[in-house]
2 protein chains.
Amino acid sequence: MLYLVGLGLSDETDITVKGLEVVKRASRVYLEAYTSILLVDQSVLESYYGRPVIIADRDMVESNSEEILRDARTEDVAFLVVGDPFGATTHTDLVLRARELNIPVRTVPNASILSGIGACGLQLYNFGQTVSMVFFTDTWKPTSFYDRVRENRSIGLHTLVLLDIKVKEPSLENLARGRAIYEPPRYMTVGQCARQMLDIEAERQEAVYEPDTLAIGAARVGATTEKFVAGTLEDLCTADEELGPPLHSLVLLGGRAHELEYDFARQFALDKEKWTRLCSADPNN
Amino acid sequence: MLYLVGLGLSDETDITVKGLEVVKRASRVYLEAYTSILLVDQSVLESYYGRPVIIADRDMVESNSEEILRDARTEDVAFLVVGDPFGATTHTDLVLRARELNIPVRTVPNASILSGIGACGLQLYNFGQTVSMVFFTDTWKPTSFYDRVRENRSIGLHTLVLLDIKVKEPSLENLARGRAIYEPPRYMTVGQCARQMLDIEAERQEAVYEPDTLAIGAARVGATTEKFVAGTLEDLCTADEELGPPLHSLVLLGGRAHELEYDFARQFALDKEKWTRLCSADPNN
């Protein structure tokens with residue numbers, strides 16, 4: 001059996017009791033370590049589980065899944081995923097490949113950023129589609145997120161923006177030379193995301209949002225050090241210090257926000273009076 | 001401290017290790033038992049936790065929260081919620097009331113139907129806003145869901161429909177006579193939901209969807225007995241037997257579904273050839 005086990009959002013104790021039982025009895029334990037990370041190291045997990053954990057990077061999952069699925073028809077293999085196993089497309093691929101090989105698959109769900117973000121006070125049923133923001137380069141600035149945000153805002157919905165992480169990525173130079181030398185890991189901050197969003201609005205000028213549009217920056221959702229900062233998109237460009245270490249996410253508010261949502265989020269506002277003024281001033285903010 | 005502890009979706013072992021530690025050391029343990037249910041009884045939880053669990057019905061949470069929050073400034077109180085604590089509005093209210101009383105609040109996230117539904121093969125980032133379907137009566141047929149579904153489908157997104165449950169509800173007759181006698185619990189099925197949806201389309205005739213629109217019925221998401229059935233909305237009207245016992249949910253597909261999503265869901269199709277034909281025939285299905 002292939003088990004996809006969600007680890008939740010923050011540390012080794014966010015695994016479910018059911019998930020921990022699977023980990024303890026599996027023949028091999030893989031940790032998917034490129035779409036998200038926990039706030040604790042591999043070594044903490046290994047000592048908590050009392051057994052070794054094999055790091056599965058993108059290359060292994062996408063090009064070498066036979067190794068992960070080896071003997072899984074007769075043995076239990078645990079594939080650990082930060083958050084919920086269905087948070088990222090990649091895992092659907094792995095499940096499909098297992099099915100082709102007649103390997104039974106079971107999922108152990110867990111908290112996902114998609115529901116954990118509710119802690120910021122916005123109602124989950126008022127969120128539209130989720131978008132991803134990648135690190136822009138001089139030559140690569142994908143703007144599909146902008147069209148998705150427009151769609152969400154056109155019907156008054158909030159947008160959760162998931163921020164890029166770069167783990168074990170070769171530098172362009174090393175890639176060209178075929179060297180397995182990796183860049184240090186990078187995690188996009190709320191400030192970087194907000195600036196990229198404003199850059200694209202300035203470029204496209206289709207008034208999907210503006211510097212004064214309300215947003216909430218989120219850091220380490222689900223952890224005891226969880227932190228939210230509410231303000232305008234422009235305010236959030238300089239709120240990284242306030243938010244602290246990764247992982248960060250951002251929510252752009254939609255116009256249908258309920259008064260209770262504004263009230264709840266007010267406690268996180270950088271400037272509470274400004275927050276209240278903007279919440280009540282513009283119903284389409 | 002008030003702890004809101006998510007229990008996940010299915011049985012007593014879906015609690016996280018962190019959540020279980022909170023339950024074991026709290027002074028009092030409440031179980032919110034009216035917005036959703038686990039697939040196991042209170043007695044199973046009590047024996048698993050090794051301690052009594054107080055059932056918190058809607059009346060207690062909404063009108064008697066002082067009792068829940070009593071002494072929570074100095075003691076730990078655990079408030080258990082099926083799924084994730086932020087799945088339902090009610091809990092935001094409880095958090096706000098705790099804050100007013102200067103009671104610190106911490107949340108222990110867990111799997112929610114909002115992410116668990118990903119097991120049906122549809123990508124979570126292609127979902128729009130979530131809607132709820134209540135049991136219609138002769139005189140009460142709220143149709144706000146219809147407008148929300150229209151919005152989602154207008155931008156190609158899937159809609160998760162959460163189905164009504166009635167637990168500890170007085171009958172209208174007993175309510176009128178002030179008697180505390182309750183109806184047996186009722187859980188809406190996918191069939192009932194699909195019929196209500198088609199009834200409202202027939203009434204409003206705004207072509208938001210049609211009997212041939214693709215949908216997926218889901219039962220006991222996250223449990224080992226999890227079951228999905230894919231077909232048209234009309235097919236799902238008679239698929240309750242196939243789906244089995246509660247809890248049920250329904251997903252109405254949006255037109256932007258990716259081929260991989262159709263392929264994955266095909267394994268759940270009542271009629272695989274019809275599924276493939278409808279998936280490829282109409283890009284706006």
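The following questions and answers go through a predicted model with chains A and B.

Modeller: Local features are given at pLDDT of at least 70 and side-chain atom pairs at pLDDT 80 or more, while totals for chains, interfaces and linings use all residues. Residues are numbered from 1 along each chain, chains are lettered from A, and side-chain values use heavy atoms, without hydrogens and water.

Colleague: Which kind of axis relates chain A to chain B?

Modeller: Two copies of a chain are related by a rotation about an axis and a shift along it. Here a rotation of 180 degrees with 0.0 Å of shift superposes chain A on chain B, with an RMSD of 0.1 Å, the fit being by least squares on C-alpha atoms of residues with pLDDT of at least 70 in both. That is the relation of a two-fold axis.

Colleague: How are helix α7 and helix α9 of chain B oriented to each other, roughly parallel or roughly perpendicular?

Modeller: Helices here are DSSP runs of H or I with at least four residues, strands are E runs of at least two, and both are numbered from the N terminus. Helix α7(B), residues 144-154, packs against helix α9(B), residues 190-204, at about 85 degrees with the axes 10 Å apart, where axes are lines fitted to C-alpha atoms over the stretch in contact and angles run from 0 to 180 degrees between N-to-C directions. Angles under 35 degrees count as roughly parallel, over 145 as roughly antiparallel, 65 to 115 as roughly perpendicular and the rest as oblique. The two helices, α7(B) and α9(B), are therefore roughly perpendicular.

Colleague: Which residues of α9(B) are met by α7(B)?

Modeller: Contact means heavy atoms within 4.5 Å. From α7(B), the residues F145(B), Y146(B), D147(B) and R150(B) take part, and their partners in α9(B) are M197(B), I200(B), E201(B) and R204(B).

Colleague: Which residues does D235(B) touch, leaving out those up to four places away in sequence?

Modeller: D235(B) sits in helix α10 of chain B, residues 233-236. Its C-alpha lies 26 Å from that of L9(B), and the two are 226 residues apart in sequence. With residues up to four places away not counted, D235(B) touches L270(B) and K274(B).

Colleague: How many charged residues are in the contact of α7(B) with α9(B)?

Modeller: Ala, Val, Leu, Ile, Met, Phe, Trp, Tyr, Cys and Pro count as nonpolar, Asp, Glu, Lys and Arg as charged, and the others, Gly among them, as polar. By these classes the contact of α7(B) with α9(B) has four nonpolar residues, no polar ones, and charged residues numbering four.
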